[in-house]
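Reader: I would like a close look at one part of this protein, namely the annotated binding site and the pockets around it. Please take me through it residue by residue.

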Amino acid sequence: MELITNVSEYEQLAKQKLPKMIYDYYASGAEDQWTLKENREAFSRILFRPRILIDVSRTNMATNVLGFNISMPIMIAPSAMQKMAHPEGELATARAAASAGTIMTLSSWSTSSVEEVNSVGPGIRFFQLYVYKDRNIVRQLVKRAEMAGFKAIALTVDTPRLGRREADIKNRFNLPPHLVLKNFEALDLGKMDKTNDSGLASYVAGQVDRSLSWKDVKWLQTITSLPILVKGVMTAEDTRLAVENGAAGIIVSNHGARQLDYVPATISCLEEVVREAKGRLPVFLDGGVRRGTDVFKALALGASGVFIGRPVLFSLAVDGEAGVRKVLQMLRDELELTMALSGCTSLDEITRNHVFTESDRIRRSRL
């Protein structure tokens, strides 16, 4: 294999290796895919204001998330059906995250169960939750995650219906027959029916509760003592409601640009959410992160950390656990270099003054 020098190179290698239906499922966004491109391009419009002549012979990237110490502010986002990418799927990802000293978030729709992931050994893991129409299923799943040692619930709130993912419709996407949604296998909900469009869209329409509302965040707090992160917040208004309803944290996310097209990039929404949160709960960024420079920009705009999704899937497809380890190490190394070249020796030294955004340019032009 040729030398891989950055995270994005894994995508082209994965495209060559994976069946078209599976690559398209991982890579594509909703409708025109404008937001998919914007999730990346918005980072390029944020520039640095580096400081010089600061002793950066030592840098420290350690941080704390919901009371858990991790080695760096780079964590793994929930991504469904990872055994489509590699036979070890989520188990390989869990091992790589633990080895890197960071957090893995397991998808509800994983092809390895919460118990199987727990069996790979120690590690800090969060569980991403879709709320099914049958609340007994939700209760069982949350309790299983608790028993398996998961430390928080990441409640996905932007999927009352599945976004229109045209690649999946063209490919008639379905879970390969040798795989199941392992957390639901015993409930006879682990398979998707074949359809004339997207099997996943049909599955979501049949199982996921469209009536999900803020009262359900309160309900979840009655069935678990785990902290609840609300994943899918993009506005100040919803940030205020998340605070009022007892969320332990917010993940600014547009679902990898797979839900509503023509929403802004998550990095473009971050400051609005951070301002409204007013430090009352941590705010994390999910979406578009491919470089350590992206991580630095998110931290400068107020994020407490970032979650990465597609880079994990593509590196997993190319080289299994070793690929995921390498992605985490590359992003860590790039963040460390960005900090040094910006004059920062620890995460708390990264401030808003280290970046220059479009809104800054507009304000200056009006002066």
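**The binding site and its pockets**

Author: In this predicted model, His-255 touches Tyr-130, Thr-156, Asp-158, Thr-159 and Arg-165, when residues up to four places away in sequence are not counted. With Asp-158 there is also a polar contact, in which the side chain of His-255 meets the side chain of Asp-158 at 2.9 Å. His-255 itself lies in the loop between strand 9 (249–252) and helix 11 (266–277), and it counts as buried because its relative accessibility is 11%, where buried means under 20%.

Arg-165, one of the residues touched by His-255, is found in another stretch of chain, the loop that runs between strand 7 (152–156) and helix 7 (166–171). Its relative accessibility is 3%, and therefore Arg-165 also counts as buried. Leaving aside neighbours within four places in sequence, the contacts of Arg-165 are with Tyr-25, Gly-29, Leu-200, His-255, Arg-258 and Gln-259.

Tyr-25, Arg-165 and His-255 are the residues covered by the "binding site" annotation in UniProt, which comes from an unreviewed entry. Although they are spread over 231 residues of sequence, they cluster in space, with a largest C-alpha distance of 13.2 Å. Tyr-25, Arg-165 and His-255 also belong to the lining of the largest pocket.

That largest pocket has a volume of about 680 Å³. It is lined by 38 residues, and those closest to its centre are Tyr-26, Gly-256, Arg-258, Gly-309 and Arg-310; among these, Arg-258 is also a contact of Arg-165. Helix 2 (20–27), helix 3 (34–44), strand 11 (305–308) and helix 13 (310–342) are the elements that give two or more residues to this lining. Sorted by class, the lining of the largest pocket holds 18 nonpolar, 11 polar and 9 charged residues.

The second largest pocket encloses about 400 Å³ of space. Of the 26 residues that line it, Val-157, Asp-158, Thr-159, Pro-160 and Gly-232 lie nearest its centre, and two of these names, Asp-158 and Thr-159, have already appeared among the contacts of His-255. At least two lining residues each come from strand 7, helix 9 (214–223) and strand 8 (228–233), with strand 8 giving the most, 3 residues. By class, the lining of the second largest pocket divides into 15 nonpolar, 7 polar and 4 charged residues.

Technical notes:
Residues numbered from 1 in each chain as written. Predicted model: local features only at pLDDT ≥ 70, side-chain atom pairs only at ≥ 80, totals over all residues. Heavy atoms only, no water. UniProt positions renumbered as here; feature names shortened; annotations may be inferred. 1 Å grid on protein atoms, 1.4 Å probe; cavity = no way out; pocket = protein on both sides within 12 Å on 5 of 7 lines; lining within 4 Å. Helix = DSSP H or I, 4+ residues; strand = E, 2+ residues; numbered from the N terminus. Buried < 20%, exposed > 50% of the residue type's maximum accessible area, 1.4 Å probe, protein only. Contact = heavy atoms within 4.5 Å. Polar contact = N/O pair within 3.5 Å; in protein donor to acceptor, adjacent residues only side chain to side chain. Points joined across faces, edges and corners; volume = space filled by probe spheres on them. Nonpolar A, V, L, I, M, F, W, Y, C, P; charged D, E, K, R; others polar.
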